[in-house]
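This report asks how the chain shown here is built up and where some of its individual residues lie. Please keep the sequence and the structure in view while reading.

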Amino acid sequence: MSRALLCSALLIAAPAPATALITDWQMVEGGAVRMVVAGKAPDGSYEAGLEIALDPEWHTYWRYPGETGIPPELSFEGSANLAHGSLSFPAPERYDDGFSQSIVYTSGVLLPLRLTPAAADKPLKLEAKAFFGVCNKICVPAEALFSLDLASDPQPDRIAARLIDTARAALPVPMQETEGPRLTGFSFREGKNALKLDITADVGDAGSADLFAEGAAASANGLPKPGEWTGSTARWSLSLKGLSGPEEALPLRLVLVTDTGAAEATYEIDRRTRSIRRTDDPAKR
């Protein structure tokens with residue numbers, strides 16, 4: 001099969017070995033993917049991760065891809081003794097191809113995964129299907145299948161634990177009101193096609209900063225547009241076009257990423273009164 005045909009095909013790899021805590025790499029166009037499991041956390045859940053390695057000039061996507069892209073998804077059909085599985089997403093970066101802007105990872109990423117068994121004293125049979133997008137000059141969907149038998153009291157894997165700890169350290173933390181990089185001001189104004197939200201942030205002595213916006217599940221909003229940066233104050237403007245939700249309670253998650261770390265906060269926008277209020281608790285870290 002030619003490279004062009006490979007790029008347009010859905011890529012499906014064989015299941016990984018059943019007893020491994022770090023599976024073999026499964027090759028996909030533009031990179032490879034594997035599953036790592038560190039062992040059990042004190043709360044009885046398994047600490048795991050989906051790791052995507054990327055070839056030079058390729059990228060994959062954050063949980064909200066931006067204007068284009070396929071976000072990573074994991075499904076667990078066929079698993080036994082699994083109550084819940086949830087992915088977390090380290091801080092991403094902005095990608096502009098000249099036509100659209102996306103929210104991506106460019107050098108690979110490990111997405112922390114927490115697996116909660118239905119019964120903590122019983123083994124977990126994990127059947128996981130990963131589906132995500134990879135992109136260079138063209139974008140293609142990629143798919144990988146994993147099958148793992150996890151003991152109820154597994155021996156911890158120190159290599160996997162280090163990989164997962166590093167990824168968790170890059171997760172956005174709850175934004176504080178009085179310290180660290182934080183959003184400090186909001187104002188509304190009429191735009192050409194939609195209402196706009198102007199956002200001010202205190203980024204301290206950071207050398208770089210960017211802001212990402214994620215609406216409700218059905219949203220198709222763009223990225224905040226960078227504005228003036230003066231001293232420790234950075235500014236962005238976000239068009240509310242494409243955000244989904246009721247007029248009086250439009251959900252919005254904002255993630256502020258600097259070279260010193262990442263922080264996030266959730267808000268509700270009332271378009272009728274042109275007001276915004278924070279809905280999460282900054283004290284919960």
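The sections below go from the whole chain to its disulfide and then to single residues in loops.

## Overall build

The model is a predicted one, and its chain of 285 residues has a secondary structure of 2 helices and 21 strands. For a compact globule with 285 residues the radius of gyration would be near 19 Å, and the 20 Å found for this chain agrees with that expectation. Taken along the principal axes, the box filled by the C-alpha atoms is roughly 55 × 50 × 40 Å.

Among contacts in the chain with a separation of 6 or more, 65% are between residues that stand 24 or more positions apart.

## Surface and charge

Of the 285 residues, 46% count as buried. The area that the chain exposes is about 13,900 Å², and 51% of this area is supplied by carbon and sulfur atoms.

The chain carries 28 positive and 37 negative charges, and the mean positions of these two sets are 3 Å apart.

## The disulfide

A disulfide is a covalent bond between the sulfur atoms of two cysteines. In this chain the count comes to 1 disulfide, formed by Cys135 and Cys139, whose sulfur atoms are 1.9 Å apart. Because the torsion about the S-S bond of Cys135 and Cys139 is about -55°, the disulfide is left-handed.

How exposed are the two partners, Cys135 and Cys139? Cys135 has a relative accessibility of 6% and therefore counts as buried, the cut-off being under 20%. Cys139, on the other hand, has a relative accessible area of 49% and is partly exposed, since a residue has to be over 50% to count as exposed.

## Two loop residues and their contacts

Which residues, apart from neighbours within four places in sequence, are in contact with Gln155? Gln155 lies in the loop that runs between strand E12 (139-150) and helix H2 (158-169), and leaving those neighbours aside, Gln155 is in contact with Leu21 and Ala38. Although Gln155 and Ala38 are 117 residues apart along the chain, their C-alpha atoms are separated by 8.5 Å. Gln155 counts as exposed because its relative accessibility is 65%.

Ala216 has its place in the loop between strand E16 (209-214) and strand E17 (225-230), and its relative accessibility of 26% makes it partly exposed. With neighbours within four places in sequence left aside, Ala216 is in contact with Ser244 and Pro251. Ala216 can also be set beside Thr266, which is 50 residues away in sequence and 11 Å away in space, C-alpha to C-alpha.

## Positive phi values

Most residues other than glycine have a negative phi, and most peptide bonds are trans. Against that background, Asn81 has a phi near 65°, a positive value in a residue that is not glycine. Asn81 is found in the loop between strand E6 (73-75) and strand E7 (82-87).

Arg274 likewise is not a glycine, yet has a positive phi of about 50°. The loop in which Arg274 is found runs between strand E20 (261-270) and strand E21 (275-278), and Arg274 counts as partly exposed because its relative accessibility is 36%.

Note on methods: Residues are numbered from 1 along each chain as its sequence is written. This is a predicted model: local features need pLDDT of at least 70, side-chain atom pairs count only at pLDDT 80 or more; totals for chains, interfaces and linings use all residues. Side-chain values use heavy atoms; hydrogens and water are left out. Helices (H or I, at least four residues) and strands (E, at least two) are DSSP runs, numbered from the N terminus. The radius of gyration is taken over C-alpha atoms; the globule rule is 2.2 Å times the number of residues to the power 0.38. Buried means under 20% relative accessible area, exposed over 50%, partly exposed in between (1.4 Å probe, protein chains only). Contact means heavy atoms within 4.5 Å. Accessible areas come from the Shrake-Rupley method with a 1.4 Å probe; for residues, only the protein chains shown count as cover. Lys and Arg count as positive and Asp and Glu as negative; His and the chain ends are not counted. The place of a charge is taken as NZ of Lys, CZ of Arg, CG of Asp or CD of Glu. A disulfide is a pair of cysteine sulfur atoms within 2.5 Å.
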